[in-house]
Amino acid sequence: MNISALLTSSGINTAVCAVLFSLYSILRKQPSLVSVYFGQKLAQVRSKRNDPFWLQRFIPSASWIVKSWVASEEELFATGGLDAVVFLRAVVFSIRVFSVAGVICLFLVLPLNYFGKEEHKHIRDEQLSVFTIEDVKEGSRWLWAHCLALYVISSCACILLYFEYKSITKMRLAYITASHSHPSHFTVLVRAIPWSQEESYGVKVAKFFTDYYSSSYLSHQMIYHSGAVQKLMTDAEKIYNMLKSNSMDQHYGSRLLRCGFCGGTSTSFKILSPEPENGRTTSCLDSPDLREKECGVALVFFRTRYAALVASEGLQQPNPMSWVTDLAPEPSDIYWSNLYVPYRIFWIRKIAILVAFILFVTFFLIPVVFTQSLVHLDKVEKIFPFMKDITERRFMKQLITGYLPSVILMIFLSIVPPIMMVFSTLEGSISRSGRKRSTCIKVLYFVIWNVFFANILTEAAIDHYQDSIMKLGDPKTIPNQLAKAVPSTATFFVTYVLTSGWASLSCELIQPFPLLYNSFYRFILRNKDDSSYGSYTFPYHTEVPRVLLFGLLGFTCSVLAPLILPFLLVYFFLAYLVYRNQILDVYVTKYQSGGLYWPIIHNTTIFSLVLTQIIALGVFGIKRSPIASSFTIPLIICTLLFHEYCRQRFHPVFKKTPAKTIIDMDREDEHSGRMEEIYQKLPSAYFQINSESRSLGKSLELNCPEIQANSRETGNISRLEDLETPGLILSFFEFLFKFTYLRT
């Protein structure tokens with residue numbers, strides 16, 4: 001790839017970003033799109049919604065940039081929680097470390113790379129490889145500058161990582177201490193309860209914890225079955241009854257919605273009344289239907305946080321596959337669907353998911369090889385001569401080599417997060433935040449392998465094929481070919497940062513899927529109620545891997561191909577503004593992990609540093625610089641020792657809750673008299689019907705008057721008037737949208 005192809009790619013991406021950023025500044029002012037761009041602050045903006053002639057609505061502005069810039073970390077913490085602060089700390093860390101790398105490498109390393117050889121073409125026709133370490137002569141005495149830059153970048157990264165880890169550890173401890181009223185501290189999730197014909201699951205749980213935890217056991221709550229088939233059958237019956245009674249209900253003033261998609265009348269869809277169908281007051285505890293729906297899972301409440309912690313950490317039986325205990329997630333975080341699955345089959349699922357993951361990664365090598373073949377079109381033309389006719393025009397060749405490969409790879413990568421989310425769900429995570437964090441790790445592994453390593457290996461294979469097929473069987477040449485492929489592949493990574501980085505931020509601002517979702521509701525179904533469009537949590541499972549991948553590219557290419565650093569810095573500066581804006585205005589924080597993303601960020605950064613140092617060691621060896629090679633080995637050892645120190649010093653706080661902290665919290669609550677208030681709230685905190693089958697919720701609400709009263713006070717039950725699916729068309733559209741977007 002030459003300079004012209006790079007300029008073509010950067011020009012296209014800059015234009016796309018400018019257009020989409022301007023379009024966003026206009027769309028965010030439209031009253032009909034308040035639910036898309038102000039999900040977090042919907043109530044505050046409604047004062048201007050009724051003015052259709054507000055002129056500033058159609059003029060691009062940068063007010064959102066100023067607002068995002070001046071927002072404090074306290075505001076971000078109050079709006080997005082600790083996870084949002086941790087994520088933005090990772091972006092700020094990248095800005096700091098790559099600013100240092102940019103100053104060192106652009107003013108010291110880049111000139112040495114460019115003037116490494118004496119012969120040069122016109123700057124427009126130069127290949128990007130002249131700006132990489134590949135252009136430096138073997139045995140050059142200037143390679144010490146590359147080693148010095150590597151030392152400076154690694155030292156700066158480790159120092160910043162230490163202070164960030166220390167600060168975030170304190171923030172996590174403060175987060176735990178401040179959560180006095182969180183019911184999860186008193187609750188243990190018990191799975192794999194043994195089945196017995198003589199006793200129900202509820203009786204067995206009560207006997208077990210009364211016998212072995214008599215002084216600390218408070219009460220328990222059983223989990224009930226609610227299968228997907230049951231929900232589908234119940235919803236189909238409701239829709240049938242709803243359509244059957246439409247002609248009768250319109251005489252009684254029932255609430256109706258018009259369907260604009262099929263041209264129906266105003267009675268096309270109906271929202272059911274929230275009133276119960278009968279007044280039965282049978283106690284829910286005595287209902288035989290509920291006892292039949294019990295599964296071998298229960299939520300057990302304890303009198304103190306410390307007792308719950310001890311019960312969750314200990315092995316309850318000699319058989320580790322029964323009476324499995326874990327600290328329960330927060331009520332809004334618990335993932336009810338995985339609680340019904342028998343615990344004994346999760347290990348089989350994990351093995352199957354691992355095999356499926358490996359097969360999917362292997363299959364994805366096909367688009368990677370295709371994109372790399374487009375980058376090296378001149379080499380592919382020698383293998384396939386018929387392609388010369390396609391690239392005769394200069395602009396077409398620049399477009400194919402500079403812009404198209406990264407676009408194709410980005411399109412293929414867009415299907416990865418939903419598939420990884422399905423994998424993480426099948427693995428059996430008991431919390432939504434845990435499922436999203438597991439998806440984040442899978443996506444991170446996937447993109448590091450397929451975007452970084454697979455592209456490097458493909459580059460080596462293309463060069464290897466062109467040089468000589470006979471060399472393929474010579475194992476001595478493989479390390480040299482791989483070492484040569486890393487600097488030359490950096491030219492593709494530059495365009496990937498432009499396309500996947502800059503363009504992804506533009507799409508993040510525009511929110512294309514919620515925009516289409518909103519348009520379908522508003523213009524097809526003629527629904528003007530903003531509350532029915534739903535809200536979305538921040539997609540950490542897609543954005544954290546993207547930021548860490550660009551960090552990996554920045555570290556590995558900083559010394560070998562420093563031309564990537566300016567484009568990378570632009571990305572991180574834009575990401576800082578865009579993500580702050582999205583956290584403040586768009587995404588709703590329904591649950592959080594309490595900063596558990598930082599160990600993932602720290603470990604990936606250390607991996608990137610060590611990989612950079614190993615690659616540099618290999619390149620210094622190829623360039624025959626023994627001094628630079630010998631000085632790189634101690635740097636690798638020091639980085640690994642630093643990582644081990646951080647793992648011993650900070651990481652345990654992210655794995656377990658300190659006993660001293662929760663004992664102090666228990667004593668404080670006992671002295672202040674808050675314990676009795678907490679005990680009263682525990683039974684109603686975890687309400688399974690909030691997120692599950694509406695048929696079971698209806699049965700519980702009708703059979704249990706105390707649940708009716710609680711639902712009216714707290715709004716825990718999903719009332720029928722709040723349903724977001726007034727018809728079959730809308731149900732299908734919501735399913736397609738949620739599977740594609742997977743934001744919640």
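Trainee: Which word fits Arg 89, buried or exposed?
Mentor: Buried means under 20% relative accessible area, exposed means over 50%, and partly exposed lies in between (1.4 Å probe, protein chains only). Arg 89 has a relative accessible area of 14%, so Arg 89 is buried.

Trainee: What kind of model is this?
Mentor: Residues are numbered from 1 along each chain as its sequence is written, and side-chain values use heavy atoms, with hydrogens and water left out. Local features need pLDDT of at least 70, side-chain atom pairs count only at pLDDT 80 or more, and totals for chains, interfaces and linings use all residues; the model is predicted.

Trainee: Which side chain does Arg 89 meet in a salt bridge?
Mentor: A salt bridge needs a side-chain nitrogen of Lys or Arg within 4 Å of a carboxyl oxygen of Asp or Glu. For Arg 89 the N to O distance is 2.9 Å. The partner is buried too, with a relative accessible area of 7%. That partner is Glu 164.

Trainee: How many residues apart in sequence are the parts that Glu 164 and Arg 89 tie together?
Mentor: Helices are DSSP runs of H or I with at least four residues, strands are runs of E with at least two, and both are numbered from the N terminus. Glu 164 lies in helix 6 (residues 143-178) and Arg 89 in helix 5 (residues 73-114). The pair therefore ties together parts whose separation in sequence, in residues, is 75.

Trainee: How many salt bridges does the count come to?
Mentor: The salt-bridge rule is the one applied to Glu 164 and Arg 89, whose side chains meet. By this rule, the number of salt bridges comes to 17.

Trainee: Where are Arg 647 and Glu 644?
Mentor: Their side chains meet in a salt bridge at 2.8 Å, N to O. Arg 647 is partly exposed at 39% relative accessible area, and Glu 644 is partly exposed at 32%. The two are three residues apart, so about one helical turn separates them, and both are in helix 24 (residues 626-649).

Trainee: Which residues are joined with Asp 669 and Arg 674 into one network?
Mentor: The side chains of Arg 674 and Asp 669 meet in a salt bridge at 2.7 Å, N to O. Salt bridges that share partners extend this to one network, which besides Asp 669 and Arg 674 holds Arg 305, Asp 666 and Glu 668.

Trainee: What relative accessible area does Asp 669 have?
Mentor: Its partner Arg 674 counts as partly exposed, at 31% relative accessibility. Asp 669 is buried, with a relative accessible area of 0%.

Trainee: At roughly what angle do the axes of helix 23 and helix 24 cross?
Mentor: Axes are lines fitted to C-alpha atoms, for helices over the stretch in contact, and angles run from 0 to 180 degrees between N-to-C directions. Under 35 degrees counts as roughly parallel, over 145 as roughly antiparallel, 65 to 115 as roughly perpendicular, and the rest as oblique. Helix 23 and helix 24 are therefore roughly antiparallel. The axes of helix 23 (residues 597-622) and helix 24 come within 9 Å and cross at roughly 170°.

Trainee: In what kind of crossing does helix 12 pass helix 17?
Mentor: The axes of helix 12 and helix 17 (residues 416-427) come within 8 Å and cross at roughly 160°, so the two helices are roughly antiparallel. A crossing is right-handed if the near helix is turned clockwise from the far one by less than a right angle, and left-handed if anticlockwise. The crossing of helix 12 and helix 17 is left-handed.

Trainee: What is the phi of Trp 323, roughly?
Mentor: Trp 323 is found in the loop between helix 11 (305-313) and strand 6 (324-327). At 6% relative accessibility, Trp 323 counts as buried. Trp 323 is not a glycine, yet its phi is positive, at about 50°.

Trainee: Where is Gln 511 found?
Mentor: Gln 511 also is not a glycine and has a positive phi of about 55°. Gln 511 is buried, with a relative accessible area of 1%. Its place is the loop between helix 19 (477-510) and helix 20 (512-524).

Trainee: What distance separates the C-alpha atoms of Val 86 and Gly 595?
Mentor: Val 86 is in helix 5 and counts as buried at 1% relative accessibility. Val 86 and Gly 595 are 509 residues apart along the chain, and their C-alpha atoms are separated by 6.1 Å.
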